[in-house]
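Here are my notes on the model you sent. They are numbered so that you can reply point by point.

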Amino acid sequence: MTLRTAWLLGLAGLLPFAGAALAYFAAPDSWSGFAEGALIAYGAVILSFLGAVHWGLALRAPVEEAAHGPARLMLGVVPALLGWVALLLPDIFALPLLALAILGTAGLEQWARGLGLVPGEYLVLRWVLSIGAALCLMAPITG
């Protein structure tokens, strides 16, 4: 992975979160529901993307890591399922679910790093992006 490109694209990926959170507060009241829906939709999409990372890692894993394949694949599926559930819930529940799921996925990745299953340089970026996304997702509830 080219770290600079990953950082640039990752930070660019925070823009929809930040834009929707800002729109929730700055736009006319008639737009706040749309902004909140945009946050939830983007959060679900990103959560699915985060799971897909682990499918990729599982598919490219060396033979020595085969025992971790099922756990990796599960980590690839569960975030997408949580994102889907969030889309079905009222906003007041969907936003914290997405924030916690994004942070929880990062926490599991931190644990997997200890087993040598996730690249270390990925985790710094991942935590920065996860915290930024979680803060934006929680903005409508805490603000």
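1. H2 and H5 cross in a left-handed sense. This is a predicted model, and the remarks below should be read with that in mind. The two helices, H2 and H5, pack with their axes 10 Å apart and at an angle of about 155°. Because angles over 145 degrees count as roughly antiparallel, H2 is described as roughly antiparallel to H5.

2. Which residues of H2 and H5 meet? From H2 come Glu36, Leu39, Gly43, Leu50 and Val53, and from H5 come Tyr122, Arg126, Cys136, Leu137 and Pro140.

3. Some of these residues recur in the largest nonpolar core, which has 30 residues. The members that touch the most others are Phe17, Leu39, Leu47, Leu50, Leu98, Ile102 and Leu137. Two or more residues each are given to this core by helix H1 (3-26), helix H2 (29-59), helix H4 (91-114) and helix H5 (120-142). H5 supplies the largest share, nine residues. As background, nonpolar side chains in soluble globular proteins tend to be buried together.

4. Leu98 is one of the core residues that touch the most other members. Setting aside neighbours within four places in sequence, Leu98 contacts Ile40, Gly43, Ala44, Leu47, Gly83, Ala86 and Leu137.

5. Thr105 deserves a separate entry. Thr105 is found in helix H4 and counts as buried because its relative accessibility is 5%, where the cut-off is under 20%. A polar atom of the Thr105 side chain lies 2.7 Å from the backbone oxygen of Ala101. Not counting residues up to four places away in sequence, Thr105 touches Leu47, Leu50, Leu75, Pro79 and Arg126. Of these, Leu47 and Leu50 are also among the core residues with the most contacts to other members, and Arg126 is one of the H5 residues that meet H2.

6. Is Glu65 buried or exposed? With a relative accessibility of 18%, Glu65 counts as buried; the cut-off is under 20%. Glu65 is in the loop between H2 and helix H3 (69-88).

7. What does Glu65 touch, not counting residues up to four places away in sequence? The residues are Arg72, Gly116 and Leu117. With Arg72 there is also a polar contact of 2.9 Å between the two side chains.

Methods:
Residues numbered from 1 in each chain as written. Predicted model: local features only at pLDDT ≥ 70, side-chain atom pairs only at ≥ 80, totals over all residues. Heavy atoms only, no water. Core = buried A, V, L, I, M, F, W, Y, C linked by side-chain atoms within 4.5 Å. Buried < 20%, exposed > 50% of the residue type's maximum accessible area, 1.4 Å probe, protein only. Helix = DSSP H or I, 4+ residues; strand = E, 2+ residues; numbered from the N terminus. Contact = heavy atoms within 4.5 Å. Polar contact = N/O pair within 3.5 Å; in protein donor to acceptor, adjacent residues only side chain to side chain. Axes fitted to C-alpha atoms, helices over the stretch in contact; angles between N-to-C directions. Parallel < 35°, antiparallel > 145°, perpendicular 65-115°, else oblique. Left-handed = near helix turned anticlockwise from the far one by under 90°.
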